[in-house]
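This report describes one protein model, starting with its aromatic rings and ending with the chain as a whole.

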Amino acid sequence: MADDGENASRSEKDEIRRHAKRWVRHVRRDVLTTPARRAAVRAALGKEPGEARTFVALGEVSAFLPESSKPAVERAFLTVAAMMCAQPLRPREQDIAAGQANPTPAATKDTARAEQADLVSGGSGSASTTSRPGSLGASCAEAVRKRLSRSGTMEARLHALCRANNAGVHRQLPRLVALLRSGLVEVDWARLIEDLARWDRYSQRRIAATWLRDYYRQLNDEPDDTTGEEKNEHAEVH
């Protein structure tokens, strides 16, 4: 029985990942490049599905959701797309370029080729590197290395995020992601959708542990120039 439950969970996770990758490709190629559509999806930022400002965005995402999606899955797809659409010009152009580098199955007439592109880029569709950005925690570590944030400040923000419930994580993420993207730190959007879609009492701890493990591991991979005082600093997190 336990194996059946584990297999069902893995199957659901794989389905979310497949649909998330298709959605990210669509947003990059068709939404970010169209001002009216981009504005409509951006309007859903911080909103729950069904609120008036999400109506048009729901029309965009409906064809890309897994069948029988739970509310948490739908909100994950909306939140990540809204964050993508809220980016300023330079990071938005980076995402558009990534979408052009990895054609959609419709453009190639070859689903297998598109899936192979995802395997190379980890679903990120990076145009500048073949390495996967990693989890949100790895992206946060990269932001510290780029001096977008002090290590103590970022650590406190990440801890607060990992403790948050579903509503809290959706509330806190946009400001953090905006910081990351302001310095062109890559975010694996499809993986972030997958993590948010499964942010419940059963999976939250595993996802949070992965974020934290990747954050600390990435920071320790290279010399850290921050001072001891900076490491001990914990700025107030809102």
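## Aromatic pairs

Three aromatic pairs are present in the structure. In one of them, W199 and W211, the ring centres are 5.1 Å apart and the planes meet at 25°, so the pair is stacked. This pair joins distant parts of the chain, with W199 in the loop between α11 and α12 (204-221) and W211 in helix α12, twelve residues apart. W199 and W211 are both buried.

A further pair is formed by Y215 and Y216, whose ring centres lie 5.2 Å apart with the planes at 70°, so the pair counts as edge-to-face. The cut-off for that class is an angle over 60 degrees, while stacked planes are under 30 degrees apart. The two tyrosines differ in exposure: Y215 is buried, at a relative accessible area of 1%, whereas Y216 is partly exposed, at 31%.

All of these values were computed from a predicted model.

## Helix α10

Helix α10 (166-182) contains 17 residues. From its first C-alpha to its last it reaches 25 Å, close to the 24 Å expected at 1.5 Å a residue. The helix nevertheless bends by about 35° at L173, and a proline, P174, follows within four residues.

At the start of α10, a side-chain oxygen of N165 comes to within 3.3 Å of the backbone nitrogen of A167. After the helix comes L184, whose phi is positive, near 60°.

Which residues of α10 are buried? They are G168, V169, H170, Q172, L173, P174, L176, V177, L179, L180 and R181. Both the bend residue L173 and the proline P174 are therefore on the buried list, since buried means under 20% relative accessible area. In an α-helix there are 3.6 residues a turn, so residues three or four places apart point the same way.

The cover over the buried residues of α10 includes α4 (71-85), α5 (89-101), α8, α9 and α11.

## Loop residues with positive phi

Most residues other than glycine have a negative phi. R147 and L184 are listed below with their positive values.

| Residue | Phi | Loop | Relative accessibility |
|---|---|---|---|
| R147 | near 65° | between α8 (136-145) and α9 (151-163) | 60%, exposed |
| L184 | near 60° | between α10 (166-182) and α11 (189-197) | 22%, partly exposed |

Why does R147 count as exposed? Its relative accessibility is 60%, and the class begins over 50%. L184, at 22%, counts as partly exposed; the limit for buried is under 20%.

## The chain as a whole

How many helices and strands does the protein have? Its secondary structure comes to 13 helices and zero strands, so the run of elements from the N terminus on is α-α-α-α-α-α-α-α-α-α-α-α-α.

The protein has 238 residues, and buried residues make up 48% of them. Its accessible surface comes to about 12100 Å², with 48% of that belonging to carbon and sulfur atoms. Among contacts between residues at least 6 apart in sequence, 73% join residues at least 24 apart. The cover of α10 involves elements from elsewhere in the chain, including α4 (71-85) and α5 (89-101).

Terms used. Residues are numbered from 1 along each chain as its sequence is written. This is a predicted model: local features need pLDDT of at least 70, side-chain atom pairs count only at pLDDT 80 or more; totals for chains, interfaces and linings use all residues. Side-chain values use heavy atoms; hydrogens and water are left out. Helices (H or I, at least four residues) and strands (E, at least two) are DSSP runs, numbered from the N terminus. Buried means under 20% relative accessible area, exposed over 50%, partly exposed in between (1.4 Å probe, protein chains only). Rings of Phe, Tyr and Trp (its six-membered ring) pair if their centres lie within 6.5 Å; planes under 30 degrees apart count as stacked, over 60 as edge-to-face and the rest as tilted. The expected span of a helix is 1.5 Å times one less than its number of residues. The bend at a residue is the angle between axes fitted to the seven residues ending there and the seven starting there. Contact means heavy atoms within 4.5 Å. A polar contact is a pair of N or O atoms within 3.5 Å; within protein, one must be able to donate a hydrogen and the other to accept it, and residues adjacent in sequence count only if both atoms are side-chain atoms. Accessible areas come from the Shrake-Rupley method with a 1.4 Å probe; for residues, only the protein chains shown count as cover.
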